[in-house]
Amino acid sequence: MAFFTRSLSRSICRRAQQKSSPLTSLRWIQTQTSSETEDLHSQLKELIPEQQDRLKKLKSEHGKVQLGTITVDMVLGGMRGMTGLLWETSLLDPEEGIRFRGLSIPECQKLLPAARPGGEPLPEGLLWLLLTGKVPSKGQVDALSNELRARATVPDYVYKAIDALPITAHPMTQFASGVMALQVQSEFQQAYEKGIAKSKYWEPTYEDSLNLIARLPLVAAYVYRRIYKGGQSVPVDDSLDYGANFAQMLGFDDPVMHELMRLYVTIHSDHEGGNVSAHTGHLVASALSDPYLSFAAALNGLAGPLHGLANQEVLLWIKSVVDECGENITKEQLKDYVWKTLNSGKVVPGFGHGVLRKTDPRYTCQREFALKHLPNDPLFQLVSKLYEVVPPVLTQLGKVKNPWPNVDAHSGVLLNYFGLTEARYYTVLFGVSRSIGICSQLIWDRALGLPLERPKSVTMDWLENHCKKAGSS
Ligand code: NMX
Ligand code: MLT
């Protein structure tokens, strides 16, 4: 939920009542504009006591309210549908998709500052929104861009740690190793060793988080240039924002690719708290591991093929379709290829989801980007055909809960079109973006004093005995 002071909220509510649909009104009041004079740190500092009180009140007044029932299916089924985490920065609706602090992706595209009029949102603006629940001004976003650039310094030993790995190591392995090496500079770890008070934990967590977010593009670009471009680096461009600079350091100076990277980093940043990477980061951080340690753990979850690595798998799979059947494959041939994949025991990458039950809005906005910038690209046309062919096949399987495409079904063909063709690298891009969501929530975890995460586990014996006692057949 976003934040607003009581008096401001009353006036916003009055204005919201004048709006047409109740749903639009509710969304409208969830976010307010940042006050122009304040910087990010000052805004957070002001918001924290208010939110601490809110949490205390929730606990004392409603702590015993039930949120649902836990079934054996949930325990055996990866905890699907079990509400068990507090995650402030975003909320996922199965039908509608993600909302960042109450704003949908199209609303973010409309409201967040852009580099050019009508352009894609700047990821720095999203970071501000996730942290404060407020829409920043262009001036605030520009100041945050400058701050991130100033924080973007990477010690040489980080590159040496990466260089110690064989060049054939997966890009995610190299990237996560670089993040672990960055941890040497953790301010939280140093402060904890010196005995920092719990009420101040959020401050070094904030410093680590902003430093980490600022430094990740350099480490990620180093991995890319090391593996695919003979180790020749491209320097930071001080005139560019976060997303554009990242693309630039990878070696792409096309302004449309810069726009794509801004969109990419924005939409991959956060997907509420239960996904593997976010949940892992949150869990590890609950032990008071610093943001570097927590985020490195999150990256290792992102590197799994059912999670972030699916973006690599999608492009490799699409290229295997083209290799076998050519670019002008008919829908009938495509259907046969999908069945061949399924019959060989594999999943169709880029389709399905643990929570979503409709087409992922992150897929839809990437499709819109493609329709605008690369409508005639043969691989985009293939992705469009897959949108028609795959869902009925998955539905026919009879067990897939969501046959629709997710975010990973589309990202690869966009990157490939602009020359970033190395599919094995794609999950690193996802990782850079995910730092924005995970770190924003980590700052709030410490500000709110959230406890060590430690759910109860049981054995099959325990479950069988419990069910016998409960009289279930
Ligand atoms: N292709 C083939 N089978 C599928 C697919 C798919 N795309 N999606 C789900 N199923 C199967 C699934 O493997 C399971 O089979 P079984 O009972 O034999 O184990 C059955 O359908 C029921 O699964 P669901 O409850 O629909 O999905 P679940 O929540 O377990 O898993 C995913 C969600 C995302 C892991 C699953 O849909 C999948 O494997 N998709 C392909 C990989 C992918 O695109 N992952 C990226 C997700 C987004 N991200 O970035 O993280
Ligand atoms: C994500 O972005 O984390 C994925 O869509 C997976 C999920 O939400 O479970």
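## Aromatic pairs

Four rings, those of Y224, Y228, F252 and Y425, are linked by ring pairs into a cluster. Keep in mind as you browse that this is a predicted model. Searching the whole structure turns up 13 aromatic pairs. In one of them, the ring centres of Y224 and Y228 are 5.3 Å apart and the planes sit at 50 degrees, so this pair is tilted. Both residues belong to helix α11 (residues 202–228), where they are 4 residues apart, about one turn of the helix. Y224 is buried, with a relative accessible area of 0%, whereas Y228 is partly exposed at 25%.

Another pair is formed by W317 and Y337, whose ring centres are 5.6 Å apart; the planes meet at 65 degrees, so the pair is edge-to-face. This pair links distant parts of the chain, with W317 in helix α16 (residues 310–325) and Y337 in helix α17 (residues 331–343), 20 residues apart. Is W317 buried or exposed? W317 is buried, at 10% relative accessible area, and Y337 is buried too, at 9%.

## Salt bridges

Let's turn to the charged side chains. Side chains of opposite charge can pair when their charged atoms come close. The count for this structure comes to 13 salt bridges. One of them joins the side chains of E95 and K358, with 2.8 Å from N to O. E95 lies in the loop between β2 and β3 (97–100) and K358 in the loop between α17 and α18 (361–373), so the bridge ties together parts that are 263 residues apart in sequence. Each partner is partly exposed: E95 has a relative accessible area of 45%, and K358 has 40%.

R99 and E107 also form a salt bridge, and their closest N and O atoms are 3.0 Å apart. Here R99 is buried, at 11% relative accessibility, while E107 is partly exposed at 23%. Together with E96, these two residues are linked in a network of salt bridges. A further bridge pairs R262 with D241, where the closest N and O atoms are 2.7 Å apart. R262 is in helix α13 (residues 255–267) and D241 is in the loop between α11 and α12 (242–250), which puts them 21 residues apart and links distant parts of the chain. Both ends of this bridge are buried, R262 with a relative accessible area of 6% and D241 with 11%.

## Around ligand 2

Which residues are found around ligand 2? They are H271, N275, H307, H353, R362, F430 and R434. Several of these place polar atoms by the ligand. An N or O atom in the side chain of H271 is 2.7 Å from an oxygen atom of ligand 2. H353 likewise has a side-chain N or O atom 2.7 Å from a ligand 2 oxygen, and a polar side-chain atom of R362 is also 2.7 Å from an oxygen atom of ligand 2. Taken alone, ligand 2 exposes 260 Å², and the protein buries 83% of that.

## Around ligand 1

Ligand 1 has 20 residues around it, of which H307, G350, K399, K401 and D408 come nearest. H307 is therefore a name to look for twice, as it is listed around ligand 2 as well.

The polar contacts involve both backbone and side chains. A polar backbone atom of L306 is 2.9 Å from a nitrogen atom of ligand 1. The side chain of K399 has a polar atom 2.7 Å from an oxygen atom of ligand 1, and an N or O atom in the side chain of D408 is 2.5 Å from a ligand oxygen. On its own, ligand 1 exposes 880 Å², of which the protein buries 76%.

## A nonpolar surface patch

On the surface, I70, V72, V75, L76, V458 and W462 make a nonpolar patch of about 540 Å². Which helix gives the most to the patch? Helix α4 (residues 72–76) does, with 3 residues. I70 is in the loop between α3 (40–62) and α4, and with a relative accessible area of 59% I70 is exposed.

## Far in sequence

L92 is in strand β2 (residues 90–93) and is buried, with 9% relative accessible area. The C-alpha atoms of L92 and V355 are 7.9 Å apart, although 263 residues separate the two along the chain.

Note on methods:
Residues are numbered from 1 along each chain as its sequence is written. Chains are lettered from A and ligands numbered from 1 in the order in which they are written. This is a predicted model: local features need pLDDT of at least 70, side-chain atom pairs count only at pLDDT 80 or more; totals for chains, interfaces and linings use all residues. Side-chain values use heavy atoms; hydrogens and water are left out. Rings of Phe, Tyr and Trp (its six-membered ring) pair if their centres lie within 6.5 Å; planes under 30 degrees apart count as stacked, over 60 as edge-to-face and the rest as tilted. Helices (H or I, at least four residues) and strands (E, at least two) are DSSP runs, numbered from the N terminus. Buried means under 20% relative accessible area, exposed over 50%, partly exposed in between (1.4 Å probe, protein chains only). Patches are made of residues with over 30% relative accessible area and no salt bridge: like charges are joined within 9 Å, nonpolar side chains (Val, Leu, Ile, Met, Phe, Trp, Tyr) within 5 Å. Accessible areas come from the Shrake-Rupley method with a 1.4 Å probe; for residues, only the protein chains shown count as cover. A salt bridge is a side-chain nitrogen of Lys or Arg within 4 Å of a carboxyl oxygen of Asp or Glu. A residue is near a molecule or strand if one of its heavy atoms lies within 4 Å of it. A polar contact is a pair of N or O atoms within 3.5 Å; within protein, one must be able to donate a hydrogen and the other to accept it, and residues adjacent in sequence count only if both atoms are side-chain atoms.
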